[in-house]
Amino acid sequence: MRCPKCGSLEDKVIDSRLSKDGASIRRRRECLACETRYTTYEEIERIELRAIKRDGRHEPFDRHKLLGSILKACEKRPISMEQMQQCVEEIIQELESSQHREVPTKLIGAKVMEKLHALDPVAYVRYASVYRQFQEIGDFIEEIQSLERRSARSTAQPDLFRA
């Protein structure tokens with residue numbers, strides 16, 4: 001690791017700890033030449049996903065775009081940043097485990113809607129309105145009614161597998 005102050009490649013690790021719930025390792029280092037201390041992070045290198053847009057364009061998958069869309073949908077809702085980041089992480093893990101390196105944005109959107117449906121109904125409808133390109137108020141009403149039907153059906157069914 002090159003020292004950020006003097007550029008030397010000689011350093012020693014002073015301290016190592018797990019970071020981000022074990023997803024990375026934080027290391028404190030000290031340059032042997034100038035004694036400057038600095039922090040580095042080590043993460044598992046993930047296979048790069050590519051998103052296939054509606055118009056057929058391909059672009060690198062951007063986790064920040066995904067988080068941004070979820071943040072917008074959850075704005076002013078009682079949902080913590082940790083919950084939103086957990087949704088993003090779960091979606092990315094699901095996409096990576098599918099063995100496909102090119103993923104249609106339609107599939108990404110469907111996964112986001114699935115997570116938001118379980119998290120918050122208002123955030124779900126907000127996201128659905130953009131994802132499904134609602135054009136009029138009737139589209140909102142239909143989506144809310146279908147959401148109510150799904151919720152009523154799931155509450156009427158008994159819990160078969162309680163922990």
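Which residue stands opposite A51 in β5? Hold that thought; point 5 has the answer. Here are my notes for you, and one caution before you start: this is a predicted model.

1. **The antiparallel sheet.** Begin with β1, β2 and β3. These 3 strands make up an open sheet in the order β1-β2-β3, and the pairing is antiparallel. The edges belong to β1 (11-19) and β3 (37-43); each has a single partner strand, so one side of each is left without a neighbour in the sheet. Going from one strand to the next, the twist averages 25°. If you're wondering what holds such strands side by side, strands of a sheet pair through backbone hydrogen bonds, and they can do so parallel or antiparallel.

2. **Who faces whom in that sheet.** Take the β1 and β2 pair to begin with: 8 bridges link the two in the antiparallel sense. Try finding K12 on screen, which stands opposite E30 in β2. Then look for D15, whose opposite residue in β2 is R28. On the other side, strand β2 (residues 24-31) is joined to β3 by 7 bridges, again running antiparallel. Here you can spot R26 opposite Y41 in β3, and S24 opposite E43 in β3. While you're tracing these strands, remember that in a regular strand the side chains alternate between the two faces of the sheet.

3. **The two hairpins.** Now follow the chain round its turns. The hairpin of β1 and β2 has 4 residues between the strands, and in it K20 takes a positive phi near 50°. The hairpin of β2 and β3 has 5 residues between the strands, and there E35 is the residue to check, with a positive phi near 65°. Both are good places to practise reading backbone angles.

4. **A closer look at D11.** This residue is found in strand β1. Which side chains does the D11 side chain touch through polar contacts? One of them is the side chain of R29, at 3.4 Å. Another is the side chain of Y38, at 2.9 Å. If you set aside its neighbours within four places in sequence, D11 is in contact with M1, R29, E30, C31, L32 and Y38.

5. **The mixed sheet.** Now for β4, β5 and β6. These 3 strands also form an open sheet, in the order β5-β4-β6, but the pairing is mixed. At the edges stand β5 (58-60) and β6 (102-104), each with a single partner strand, so one side of each is left without a neighbour in the sheet. The twist here averages 35° from one strand to the next. Strand β4 (residues 50-52) pairs with β5 in the antiparallel sense over 3 bridges. And the opening question? It is E59 in β5 that stands opposite A51.

6. **Helix α1 against helix α2.** A quick reminder before the numbers: two packed helices are described by the angle between their axes and the distance between the axes. For helix α1 (residues 63-73) and helix α2 (residues 81-97), the axes come within 10 Å and cross at roughly 135°. That crossing makes α1 oblique to α2. The crossing is right-handed. From α1, the residues taking part are R63, L66, L67, I70 and L71, and they meet M81, M84, Q85, C87, V88, E89, I91 and I92 in α2. Sort the residues of this contact by type and you get 10 nonpolar, 1 polar and 2 charged.

7. **Helix α1 against helix α3.** The axes of α1 and helix α3 (residues 105-119) come within 12 Å and cross at roughly 40°. That makes α1 oblique to α3. This crossing is right-handed too. L66, I70 and A73 of α1 make the contact with I108, V112 and L116 of α3. What is the split by type in the contact of α1 with α3? The residues divide into 6 nonpolar, no polar and no charged.

8. **Helix α3 and the mixed sheet.** One last thing to find on screen: α3 lies across β4 and β6, and runs at about 65° to β6. So you can go from α1 to α3 and on to the strands in one tour.

Methods:
Residues are numbered from 1 along each chain as its sequence is written. This is a predicted model: local features need pLDDT of at least 70, side-chain atom pairs count only at pLDDT 80 or more; totals for chains, interfaces and linings use all residues. Side-chain values use heavy atoms; hydrogens and water are left out. Two strands pair if DSSP finds at least two bridges between them. Axes are lines fitted to C-alpha atoms, for helices over the stretch in contact, and angles run from 0 to 180 degrees between N-to-C directions. Angles under 35 degrees count as roughly parallel, over 145 as roughly antiparallel, 65 to 115 as roughly perpendicular and the rest as oblique. A crossing is left-handed if the near helix is turned anticlockwise from the far one by less than a right angle, and right-handed if clockwise. Contact means heavy atoms within 4.5 Å. Ala, Val, Leu, Ile, Met, Phe, Trp, Tyr, Cys and Pro count as nonpolar, Asp, Glu, Lys and Arg as charged, and the others, Gly among them, as polar. A polar contact is a pair of N or O atoms within 3.5 Å; within protein, one must be able to donate a hydrogen and the other to accept it, and residues adjacent in sequence count only if both atoms are side-chain atoms.
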